Amino acid sequence: MKLCMIGTGYVGLVSGVCFSDLGNDVICVDRDTKKIENLKKGIIPIYEPGLDELVLKNYKNDRLKFSTNLKDSISKSDIVFICVGTPTKKNGSAADLSQIFDVAKEIRSSISKFKIIITKSTVPVTTGDEIEKIISQKVSKKLFSVISNPEFLREGEAIRDFTYPDRIIIGCNDKKSNTILKNLYSPLISKGAKYVNSSRRSAELIKYASNAFLATKITFINELANLCEKLDINVEDISIGMGLDKRIGGRFLRAGPAYGGSCFPKDTKAITTTADKFKTNLSVIKSVIKSNENRSSLLLKRIFDILRGKIKKKKICFLGVTFKANTDDMRDSPCLSMIPSLIKNGAVINYFDPTGEKKEFKKIRNVSFSKDISSAIKDSDLIIIHTEWNDFKSINFKKNIIKKKFTIFDMRNIYSLTKMKKQKIRYFAIGC
Ligand code: UGA
């Protein structure tokens, strides 16, 4: 099939490349000329394990193309995916849909034969209705169908999540388009993915409901972790014990720092704002947002307690600064608020991240980047394991740290409490 992905950000690029790998002809379009030129040279704008090889392979075999010409790319395609950003509005909590509506206007001037137009971007419920309205102002409804097909790709796991999805959600009311899309996704359906055809509005809401539910699950276990810390209970036992109940499930039940990234914080805010607009109070999700926003200051207080209030001149090393492992994404990373607060209180910060130095910390005095783990930790009073990279999972702390007295605060519960005790390392983790 001939596909056009509008927007070569995370969603558009990963989906476009994976669709081409399934044998489709894909044009990835972006108005950013530099990005497109780079992609043609094999320079990938995002960090995603395995993506560069797939781009190269499919670009070489000519199934994957990159272009800045939107009109031409749309006219050459049967299916057009809208994959532009829907960030939180400045000074508000609603999603900013200006890029979506701009694209809809561009699409309507490029339709001469039947097109399936799909929103893959995360858009508030009823956005599909708006897109349809915009396009039908200039084009007959017989010539297009607007469908919602949300993505469920995790950063760092995106290719696997695309290739082996649990479900494919198609929010579409017309039979013809549904058959075409079932055919497009048939290689994934035959590997076990469930194909769900719902109304367009349902599909839009399924996406937000899924992210909000996962955020709720994480926040639930994070709050229980706070209780465990007071009761000498290990939250890991609670996660295992709860998660084995198939109705609950163990995934996304790992306590840690606040959830971050470009999706959960943005989408939880957007769904509550949409609900408010329809005079419905999503109070559970609202308190999840609040609890998550408070989490970094709670953890900061814990750091103060661990250091017995003596923070001045203490050398604190962060292992990992992105919002989670296997990504270079700093958006809503919990350490973006923790590090400046520690600095304000006189600490000296050193960090290592497998994805390199971060511009966010370049201008902060007393924050420095180390090129490897051993030089990052060697001089530290406190090591904070902030993300769960494999690189951090078997460090010989005693061998690498010069100081006799050092402390570890493991925010991802990577290490075993008993082993740390045996080695006589002062070790703290989340929820124990
Ligand atoms: C999330 C969803 O998982 C994807 O399904 C969705 O497609 C994507 O948002 C999106 O809407 O585009 P992502 O933001 O890449 O994916 O990251 P996750 O792996 O879901 O992690 C989100 C946050 O939750 C991270 O801060 C992570 O550290 C935290 N987390 C996750 C926990 O603290 N505990 C867990 O058990 C799981």
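This is a guided tour of the structure above, with a suggestion at each stop of what to select next.

The model is a predicted one, in which local features need pLDDT of at least 70 and side-chain atom pairs count only at pLDDT 80 or more, while totals for chains, interfaces and linings use all residues. Residues are numbered from 1 along each chain as its sequence is written, and side-chain values use heavy atoms, with hydrogens and water left out.

**The two domains**

Begin by colouring residues 2–198 as domain 1 and residues 200–432 as domain 2, bounds that come from an automatic or database domain assignment. The centres of domain 1 and domain 2, taken over C-alpha atoms, are separated by 32 Å. Where they meet, 34 residues from domain 1 and 28 residues from domain 2 make the contact, a word that here means heavy atoms within 4.5 Å.

**The nonpolar cores**

Next, select Phe19 and Phe81, which touch the most other members of the largest nonpolar core, a group of 38 residues. A nonpolar core is a set of buried Ala, Val, Leu, Ile, Met, Phe, Trp, Tyr and Cys residues joined through side-chain atoms within 4.5 Å; buried means under 20% relative accessible area, exposed over 50%, and partly exposed in between, with a 1.4 Å probe and protein chains only. Helix H1, residues 10–21, gives the most to this core, with seven residues; helices (H or I, at least four residues) and strands (E, at least two) are DSSP runs numbered from the N terminus. If residues up to four places away in sequence are not counted, Phe19 touches Leu3, Met5, Asn24, Val26, Phe81, Lys120, Phe162, Leu184 and Tyr185. Apart from this core lies another, of 32 residues, and to find it you can select Cys228, Ile303, Cys335 and Ile384, which are among its members.

**Helices H5 and H6**

Now show helix H5 (residues 98–108) and helix H6 (residues 127–136), which pack at an angle of about 35 degrees with their axes 9 Å apart. Axes are lines fitted to C-alpha atoms, for helices over the stretch in contact, and angles run from 0 to 180 degrees between N-to-C directions. To see the contact, display the side chains of Ile100, Phe101, Ala104, Lys105, Ile107 and Arg108 on H5, and of Thr127, Glu130, Ile131, Ile134 and Ile135 on H6.

From H5, move on to Ser109, in the loop between H5 and strand E5 (115–119). Ser109 is partly exposed, at 45% relative accessibility, and its C-alpha atom is separated by 7.6 Å from that of Lys138, although the two residues are 29 apart along the chain.

**Ile306**

Go then to Ile306 in helix H13, residues 283–306. Is Ile306 buried or exposed? With a relative accessible area of 3%, Ile306 is buried. Leaving aside neighbours within four places in sequence, Ile306 is in contact with Leu382, Thr407, Phe409, Arg426 and Phe428. Add Tyr427 to the selection, and the C-alpha to C-alpha distance from Ile306 is 9.4 Å, across 121 residues of sequence.

**Two loop residues with positive phi**

Finish with Phe252, in the loop between helix H11 (235–243) and helix H12 (264–277). Phe252 has a positive phi of about 60 degrees although it is not a glycine, and at 28% relative accessibility it counts as partly exposed. Asp332, in the loop between strand E9 (315–319) and helix H14 (335–344), has a positive phi near 50 degrees and is partly exposed, with a relative accessible area of 47%.
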